[in-house]
Structure formats: structure tokens, C-alpha cells
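Let's go through this model together and ask how each label is earned. The questions come one at a time, with the reasoning after each.

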Amino acid sequence: LFDASKSREQLLADICAKLKEEVYHYDWVGFYLLDENANELVLGPYVGKPTEHTHIPVGKGVCGQVAESGESKVVQDVSTENNYIACSIDVQSEIVVPVMKNGKFVAEIDIDSHSAGPFTDEDEQFLGAICKMVAEQF
Ligand code: SME
């Protein structure tokens with residue numbers, strides 16, 4: 001999976017595919033990358049239904065909040081989140097984990113679930129470990 005000869009795009013795409021395939025409650029898995037000049041997130045590799053939210057301003061939605069704080073965010077019930085950008089009516093919950101490079105936010109992994117409240121500390125730790133490895137690509 002972490003073959004150093006692969007391009008970053010390919011690596012991120014492989015991670016998305018693997019995660020969606022292996023974890024039942026992961027229904028949409030994608031990476032958003034920070035465009036520092038535009039102060040917005042740009043959608044990178046993903047698997048799941050296409051989304052129209054390919055550009056998200058920092059601070060907006062769950063994704064934008066994580067870009068601002070550099071902290072993971074778990075939303076077990078998206079109907080309770082005020083600062084939320086809906087991608088699909090099927091989505092019930094979401095987890096976003098940042099990719100930090102030298103203490104700076106560079107990207108994030110975003111996972112949507114059609115299950116209610118499926119995420120545990122295990123998801124957060126596991127995804128954190130993946131993001132740590134991904135950081136080496138930035
Ligand atoms: N729900 C996200 C937007 C991205 S879609 O889930 C792919 C948010 O609130 O930031």
C-alpha cells in the first residue's frame with residue numbers, strides 16, 4: 001500500500017479504495033488538500049458518489065473547521081452540526097482527520113457514513129496513523 005515509487009495521487013487513491021472496501025461503515029472516503037493561496041480545500045482522490053463540493057473555504061463545513069483547527073472532528077449525527085455542508089442525504093455521520101506536516105495543516109481525510117454514530121476512538125487512531133504516513137508525501 002505504501003509503495004514509495006507511487007505518486008502521491010496514486011497513494012491517496014489506493015488508501016481511499018482500501019478503506020472503503022475494508023470498513024463497512026465507510027461509505028465515502030476522500031482527501032481534501034489545502035490550497036494555501038486561495039485559503040480553501042481542494043478535493044483530491046476519493047471513492048464514493050461524486051460531490052459538487054470540490055472547493056471548500058477554510059472554516060466552512062466540517063472539513064473547513066478541521067482545516068482551521070488542525071484537530072480531528074467526529075460528527076456522529078450530522079443533523080446536529082450547524083456548520084455542515086451536506087453532500088448526500090444518505091450521510092448520517094462524518095469523521096475528518098488532518099494531515100499535519102511540521103505542525104502545519106496540509107490536507108485531511110474525510111469519511112462519510114450512512115450509519116448513525118459508527119465512529120469510535122479506534123477509527124480516530126487508525127486514521128491518524130494513516131495521515132501520519134501520508135504526511136511524508138507532502
Ligand atoms: N460534509 C463535509 C463536506 C464534504 S462532503 O462530506 C464530501 C463538510 O461539512 O465539510
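Q: How many salt bridges does this predicted model have, and what makes a pair count as one?
A: The count comes to four salt bridges in this predicted model. A pair counts because a side-chain nitrogen of Lys or Arg lies within 4 Å of a carboxyl oxygen of Asp or Glu.

Q: Why is the pairing of E22 and K18 called a salt bridge?
A: The N to O distance between the side chains of E22 and K18 is 3.5 Å. The cut-off is 4 Å, so the pair qualifies. Side chains of opposite charge can pair when their charged atoms come close.

Q: Where do E22 and K18 lie?
A: Both belong to helix α1 (residues 8–22), where they sit four residues apart, about one turn of the helix.

Q: What makes the approach of C63 to the ligand a polar contact?
A: A backbone N or O atom of C63 is 2.8 Å from a ligand oxygen atom. The limit is 3.5 Å, so this is a polar contact.

Q: How do you know that E94 and D110 also make polar contacts with the ligand?
A: An N or O atom in the E94 side chain is 2.9 Å from a nitrogen atom of the ligand. For D110, a side-chain N or O atom lies 3.4 Å from a ligand oxygen atom. Both values are within 3.5 Å, so both pairs count. The protein also covers 100% of the 310 Å² of accessible area that the ligand has on its own.

Q: Which elements supply at least two residues each to the shell around the ligand?
A: They are β1 (28–35), α2 (61–69) and β6 (104–113). Of the elements, α2 gives the most, with three residues.

Q: How many residues of each class does that shell have?
A: Eight are nonpolar, one is polar and three are charged. The polar one is G61, because Gly counts as polar.

Notes. Residues are numbered from 1 along each chain as its sequence is written. This is a predicted model: local features need pLDDT of at least 70, side-chain atom pairs count only at pLDDT 80 or more; totals for chains, interfaces and linings use all residues. Side-chain values use heavy atoms; hydrogens and water are left out. A residue is near a molecule or strand if one of its heavy atoms lies within 4 Å of it. A polar contact is a pair of N or O atoms within 3.5 Å; within protein, one must be able to donate a hydrogen and the other to accept it, and residues adjacent in sequence count only if both atoms are side-chain atoms. Accessible areas come from the Shrake-Rupley method with a 1.4 Å probe; for residues, only the protein chains shown count as cover.
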